[in-house]
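Here is a walk through a two-chain structure for someone meeting it for the first time. Have a look at the picture, turn it around a little, and then read on.

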Amino acid sequence: MTEQQIIIEFKELESDSNFISEKVEEFSQRYAKKFIAVKDRQVVAVGDNFEMLIEEVKQKGINPSQVLVQYIPAKDEIILY
Amino acid sequence: MRFNLEIRKIDGSIRIILPLFSRQPRSFGRIELVIDTGAPKTILSAGDAIRLNIPFTNFESATPLTGLGKGKTPVLLIKDFTFSLHNSDEKLSNLSMPILIADVPRIRNEGQEKLNNATRIPTLIGMDFLENNNFDLFIGLNKNIAYLEKVE
């Protein structure tokens with residue numbers, strides 16, 4: 001992969017990352033306690049657990065390494081690391 | 001040299017996020033890392049390890065991690081994880097450093113619930129990331145800006 005291709009990957013990654021941040025309140029309403037996969041500023045898959053989500057991503061012909069995955073916590077759920 | 005960070009608020013919890021591109025052989029891909037100044041070590045999450053198809057058998061076990069909750073989390077050590085960052089001048093910085101990764105096969109052996117819980121935890125940037133790469137971290141929540149600055 002060339003430097004130019006990686007810069008393009010970064011632009012897509014940053015765009016999808018911004019998309020999640022912009023839409024996170026909406027996602028909290030629609031997808032609480034679910035995993036979502038985002039690519040090209042679209043939610044391309046939703047799953048009750050991570051592995052189901054990745055299976056759905058693969059079934060759609062998308063390489064899992066090219067999606068961003070976000071777990072959407074429930075309203076009363078705070079995740080500490 | 002400056003690397004912009006994303007400030008994301010999910011249900012009242014603020015996360016500071018760094019976009020990164022993994023250049024590990026056969027494990028190229030996009031990752032979002034959450035800055036965790038309470039973590040001494042950088043840890044590639046179970047979810048990102050699965051998504052990037054990390055070859056778990058290629059790496060040695062490291063001391064399991066103790067955190068919140070019951071038990072310990074088994075981890076592996078990647079001695080020189082290679083990755084790129086995208087700076088605010090639209091250029092790439094290629095870096096490498098040792099990181100821990102969640103040992104997904106061993107976590108899976110401990111049961112599906114343990115794996116489900118592990119995959120809710122994102123990849124975390126620990127203090128070693130800042131120290132090893134000479135980064136200063138700036139967060140201005142009131143101005144809605146956050147970035148890493150590399151000290152040359």
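What follows goes from the whole model to each chain, then to the contact, one helix and a few single residues.

This is a predicted model, so some confidence scores come first. The ipTM is 0.89 and the pTM is 0.92. For chain B, the mean pLDDT comes out at 92, with 97% of its residues at 70 or more.

**The two chains**

Let's take chain A first. Its elements include two helices and three strands, and if you start at the N terminus you meet them in the order α-β-β-α-β. Chain B has four helices and 11 strands. With a radius of gyration of 16 Å, close to the 15 Å that the globule rule gives for 152 residues, chain B is as compact as a globular protein of that length.

Here are some figures for each chain, side by side.

| Property | Chain A | Chain B |
|---|---|---|
| Helices and strands | two helices, three strands | four helices, 11 strands |
| C-alpha span along the principal axes | about 45 × 25 × 25 Å | roughly 45 × 35 × 25 Å |
| Buried residues | 28% of 81 residues | 36% of 152 residues |
| Contacts at separation 6 or more that join residues at least 24 apart | 42% | 58% |

**Where the chains meet**

How many residues does the contact take from chain A, and how many from chain B? It takes 29 residues from chain A and 28 residues from chain B. On the chain A side, the elements that give two or more residues are α1 (3-30), α2 and β3. Helix α1(A) gives the most to that side, with 13 residues. Sort the chain A side by residue type and you get 18 nonpolar residues, seven polar ones and four charged ones.

**Helix α2 of chain A**

Helix α2(A) covers residues 50-59, and its buried residues are Phe50(A), Leu53(A), Ile54(A) and Val57(A). Why do these buried residues line one face of the helix? Looking down the axis of α2(A), you find them within an arc of 95 degrees, so they line one face. The spacing is worth a thought here: an α-helix has 3.6 residues a turn, so residues three or four places apart point the same way.

And what covers that buried face? The cover includes three strands of chain A, namely β1 (34-39), β2 (42-47) and β3 (68-72), along with α1 (46-51) of chain B. After α2(A) comes Gly61(A), which has a positive phi near 75 degrees.

**The nonpolar core**

The largest nonpolar core has 53 residues. Which of them touch the most other members? They are Ala37(A) and Leu53(A) from chain A, plus Leu18(B), Ala46(B), Ala49(B), Ile101(B) and Ala102(B) from chain B. Leu53(A) is a name you have already met, as one of the buried residues of α2(A).

Leu18(B) is a good one to zoom in on. Setting aside neighbours within four places in sequence, Leu18(B) is in contact with Phe3(B), Leu5(B), Leu33(B), Ile35(B), Ile125(B) and Leu148(B).

**Ala45(A), buried in a strand**

Ala45(A) sits in strand β2 of chain A. Is Ala45(A) buried or exposed? It has 22 other C-beta atoms within 10 Å, and 20 or more makes a residue buried, so Ala45(A) is buried.

Beyond its neighbours within four places in sequence, Ala45(A) is in contact with Ala37(A), Leu53(A), Glu56(A), Val57(A) and Lys60(A). Leu53(A) and Val57(A) are among the buried residues of α2(A). To get a feel for distances, try Ser28(A): from Ala45(A) it is 17 residues away in sequence and 15 Å away in space, C-alpha to C-alpha.

**Two loop residues with positive phi**

Now for Asp40(A), in the loop between β1 and β2 of chain A. Asp40(A) is not a glycine, yet its phi is positive, about 55 degrees. With 12 other C-beta atoms within 10 Å, Asp40(A) is exposed.

Over in chain B there is Asn134(B), in the loop between α4 (127-132) and β10 (135-140). Asn134(B) has a positive phi of about 55 degrees, and it isn't a glycine either. Asn134(B) is exposed, with 11 other C-beta atoms within 10 Å.

Note on methods. Residues are numbered from 1 along each chain as its sequence is written. Chains are lettered from A and ligands numbered from 1 in the order in which they are written. This is a predicted model: local features need pLDDT of at least 70, side-chain atom pairs count only at pLDDT 80 or more; totals for chains, interfaces and linings use all residues. The arc is that of the directions from the helix axis to the C-beta atoms. Two residues are in contact if their C-beta atoms, placed from the backbone, lie within 7 Å. pLDDT is the predictor's confidence in each residue, from 0 to 100. A nonpolar core is a set of buried Ala, Val, Leu, Ile, Met, Phe, Trp, Tyr and Cys residues joined through C-beta atoms within 7 Å. Ala, Val, Leu, Ile, Met, Phe, Trp, Tyr, Cys and Pro count as nonpolar, Asp, Glu, Lys and Arg as charged, and the others, Gly among them, as polar. The radius of gyration is taken over C-alpha atoms; the globule rule is 2.2 Å times the number of residues to the power 0.38.
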